[in-house]
Amino acid sequence: MLVLRFEHHTDDTVVSTPTPRLSWFVEEAEPGYVQQAYEIAIGEDRYAVESVEQVLVPWPGAPLRSGEQKTVKVRVRGSEDGGWSDWSEPKTVEAGLNAAEDWTARFVSPQREGDNVVQKAFTVSGEITRARLYATAHGLYRAELNGERVGDHELAPGWTSYSRRLRYQVYDITDQIRSGENSLRVLLGNGWFRGRLGFAQGRALYGDRLALLAQLELTFADGTTQRVVTDETWLADTSEIKSDDLYDGQVTDLRKRRSDPGPVDVVEADLDRLVGADGPPVRITGVRPAVKIEGNLIDFGQNLVGWVRLKTRGHAEGHEIVVRHAEVLENGELGVRPLRTAACTDKYVLAGPGEVSLEPCFTFHGFRYAEVTGVAPDDLRPEDIEAVVVGSDLRRTGWFDSSHELLNRFHENVVWGMRGNFLDVPTDCPQRDERLGWTGDIQVFAPTAAFLYDTAGFLTSWLADLAAEQHKDGSVPFVVPDVLRDQGPAAAAWGDAATLVPWTVYRRTGDRQLLARQLPSMRAWVDRIADLAGADLLWTGGFQFGDWLDPAAPPENPFQARTDADVIATAHLARSAQVLSEAAEVLGETAIARQYGDLAARVRDAFAAEYVTAGGRVLGDAETAYAMALNWALLPDARQRERAGRRLADLVRASGFRIATGFVGTPLIADALTDAGESEVAYRLLLQTGCPSWLYAVTMGATTVWERWDSMLPDGSINPGEMTSFNHYALGAVADWLHRRVAGLAPAAPGYREIVVAPVPGHGLTSASARHLTPYGEAAVSWRRAGGEFSLDLRVPVGSSATVHLPGADPVRVTHGTHSWTIPDPVTEPSIVTVRDVLDREPLWRSVVTAAVEAGAATGEPAVAARLSRYLDAPADQLIEALTAAGFVPGAADLRRRLAELLPGAGV
């Protein structure tokens, strides 16, 4: 069976381009099947092409006119018998409004202060066959036609670079239009346009007047048409919403209001900036019941983004109910300090004793807990209260599972963090007075995001904003859309979103068109930072975020990382120049590819000469520096790479297998260790539960990934830093390593046309699996260790092939279908030869630490590891001597006796 899709759209039939690309996949096929040709039917027209391509295939017909509909289907011819398949199920595609001249509507805004509704009554005569509402706003809007809500979009039109790109929506209202009198009423809210935005507490950054642009297009059975458009004949009025703000919440007064319509003004605005949607809208994506109610505090069991929906009854007119939100509790109360100045409070004034369902529509909150006042605790029933989950309605495409319960919960936390922060733009956090599209966060997280959800359209739209906001000198804003408006912003890892995010989208989807569109932006950024580096090609000095939130940084200074900011900056110049070169090569721009390939090589040479010793030490001797150098080919010779890999692993050992990286190093360190042959050290780092570690937050009850490794301290108190969030996805970027290396499912060619299956099993896991809905269909890998054997199961979708690397075996290439292998378990117990081996054997090492602590020789694992780090090459039978030399209590009889039990025959 063939399954057909348009562009990157998942459910809507309306596309943002007159020439939508087509993709399809074959669910099942006989062995040996290879597509040889395809035929696309657009209406009555047929287009047959000899080609193996089936992902983002160019539209073969005439461009769609504005509002034009076509029925599309596809069939393919394979190699096994040369016959055509059955046609796919036909799908309807419809164009939006392609050009500014297609709009006869104009923006209208209420004249009177306080009015936040615009409305129009109109008459319809005749049989309607099709009706569409095209709409957008300065601010947020929610439309009602004849008292019934139009569509299910939330917080429309979303957030873009409003002065350059304003998204509009298309609604099918055919079934809502009635013969005779009709009334269209549209609520307007402040949203990102006029509300509070950014931690500088700015308001109305895009304008101080809310306005609506709406165009109804009606088609009748006799072929005639009718338009109803926003113009000076519309009226304005007040609504039950008295105030609204994304940070502070919404105030709603349900008491009967006097209708007193007033005039509107026509607002001049550039319609050329109107664009259709590339990805899905914000919608309600779930509902969660209360899991615990204590007094007026409600626990929903999951940190999420959205709002509270509350049913209540029996209250007099004028009674007020207040709902406050927070992510965590501290001392039994809402922990609101991390919200900073954001009130995160919804208020309702009731109209009388009847039952009413209360929820806002022009705000959102990041929360797990809510406090409801104005309702007696005995009247807060579980069936009357629920959390409404809101976010961009992305299609789930990736899953991971393992034998480790805490690791599985961590992965689920990554998913929930993404759900909350992918709300029209990829934000840093969803709760405090910020919620901005930080470029550094999405740069490191994009590979994980692209596996978990279909983010192609979502990121395509955001990258268009990045290019639109980019400064003339190539500088990339720290946040997109840019509300900080710094002059000449240029920070490594943050600005590199301009190169690395498009490259990620291309590698995961095969979208060359996006790569071509972003290439000028990519070049502008690399040219800018090359200019900042100067003749010696070392990007030094100036402002940098560096390895943001290195756990060694004090709460009040997140910049203070162990890795030198100049090392990070120059490494990113090399990385972005190399990616730009490869992107140009993909697009056939050979001269550009050579130019930036040469630049990347020269920067790598400069980096090695300035920051790397002949023995492979990198300036600063910090984990992030080694991870970048190893992952990005910044070490010229094999000896340097071998020594750097060993040093990185020893630094992890010396930390007691605690995390020592921030936003830059965290996505890289596990890959660097794995490639250096230190996968067991990577596993120890991954499965650590002490603070700081990925699983520490899980042990503290976290249900999303935190901003800081210690956003909550072990005693349950909130980190004292001013900047503390309990829902940040950046440090969850290691999930990409879980998918690619632990489970072993990775793209080897753009769009997963080729797959590499190379699982890296290790102590701590007896099984792992991953599956992903690639553009060609579902790919899945599952492995397990039991009874001395390692078994691997693989599913390859039709149209793809896979190269399988079983541990210790030669690579095997397979085509579509299911495949299985069983080999001897490659995970074995290592020999205990040196002190390093003692650290690497986890059960033994934990017993050593326990013995040292019980003997009064140390305070815990990191202290023991740090002191022993200078003696890792000492023989294991000299462990006592090493401990003594490291400053522990010399000759402690109890310690010696305990170690003799742990290391029999080792002479201790």
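The conversation below goes through selected features of this predicted model.

Trainee: Before we start, what kind of model is this, and how are residues numbered?
Mentor: This is a predicted model in which local features need pLDDT of at least 70 and side-chain atom pairs count only at pLDDT 80 or more, while totals for chains, interfaces and linings use all residues. Residues are numbered from 1 along each chain as its sequence is written, and side-chain values use heavy atoms, with hydrogens and water left out.

Trainee: Let us take the helices. How do α3 and α5 sit relative to each other?
Mentor: Helix α3 (residues 439-452) and helix α5 (residues 497-509) have axes that come within 9 Å and cross at roughly 5°. That makes α3 roughly parallel to α5. Angles under 35 degrees count as roughly parallel, over 145 as roughly antiparallel, 65 to 115 as roughly perpendicular and the rest as oblique. Axes are lines fitted to C-alpha atoms, for helices over the stretch in contact, and angles run from 0 to 180 degrees between N-to-C directions. Helices (H or I, at least four residues) and strands (E, at least two) are DSSP runs, numbered from the N terminus.

Trainee: Which residues make that contact?
Mentor: From α3 they are Thr439, Ile442, Gln443, Ala446, Pro447, Ala450 and Phe451, and from α5 they are Ala497, Leu500, Val501, Thr504 and Arg508. Contact means heavy atoms within 4.5 Å. By class, the contact of α3 with α5 has eight nonpolar, three polar and one charged residues. In this scheme Ala, Val, Leu, Ile, Met, Phe, Trp, Tyr, Cys and Pro count as nonpolar, Asp, Glu, Lys and Arg as charged, and the others, Gly among them, as polar.

Trainee: And α2 with α3: parallel or perpendicular?
Mentor: The axes of helix α2 (residues 405-421) and α3 come within 11 Å and cross at roughly 95°. That makes α2 roughly perpendicular to α3. His411, Val414, Val415 and Met418 of α2 meet Phe445, Thr448, Ala449 and Leu452 of α3. This contact has six nonpolar, two polar and no charged residues.

Trainee: Now His772. Is that residue buried or exposed?
Mentor: His772, in strand β40 (residues 767-774), is buried, with a relative accessible area of 4%. Buried means under 20% relative accessible area, exposed over 50%, and partly exposed in between (1.4 Å probe, protein chains only).

Trainee: What does His772 touch?
Mentor: Leaving aside neighbours within four places in sequence, His772 is in contact with several residues, including Thr397, Ala450, Phe451 and Tyr752. A polar atom of the His772 side chain lies 3.0 Å from the backbone oxygen of Thr397.

Trainee: Where is Arg381, and what does its side chain contact?
Mentor: Arg381 lies in the loop between β33 (365-373) and β34 (385-392) and is partly exposed, with a relative accessible area of 35%. Its side chain makes a polar contact with the side chain of Asp384 at 2.8 Å. A polar contact is a pair of N or O atoms within 3.5 Å; within protein, one must be able to donate a hydrogen and the other to accept it, and residues adjacent in sequence count only if both atoms are side-chain atoms.

Trainee: How many aromatic pairs are there?
Mentor: The structure holds 30 aromatic pairs. One of them, Phe545 with Trp548, is edge-to-face, at 5.5 Å centre to centre and 90° between the planes. Rings of Phe, Tyr and Trp (its six-membered ring) pair if their centres lie within 6.5 Å; planes under 30 degrees apart count as stacked, over 60 as edge-to-face and the rest as tilted. Phe545 is buried at 7%, and Trp548 is buried at 11%.

Trainee: Which cluster do these rings belong to?
Mentor: Ring pairs link Trp438, Phe478, Trp494, Phe543, Phe545, Trp548 and Phe559 into a cluster.

Trainee: A last topic: which peptide bonds are cis?
Mentor: Among them are the bond from Val480 to Pro481, with omega near -5°, and the bond joining Cys691 and Pro692, with omega about 0°. Pro481 lies in the loop between α4 (456-469) and α5. Most residues other than glycine have a negative phi, and most peptide bonds are trans.

Trainee: Where does a positive phi appear?
Mentor: Leu549 has a phi near 65°, a positive value in a residue other than glycine. Leu549 counts as buried, at 4% relative accessibility.
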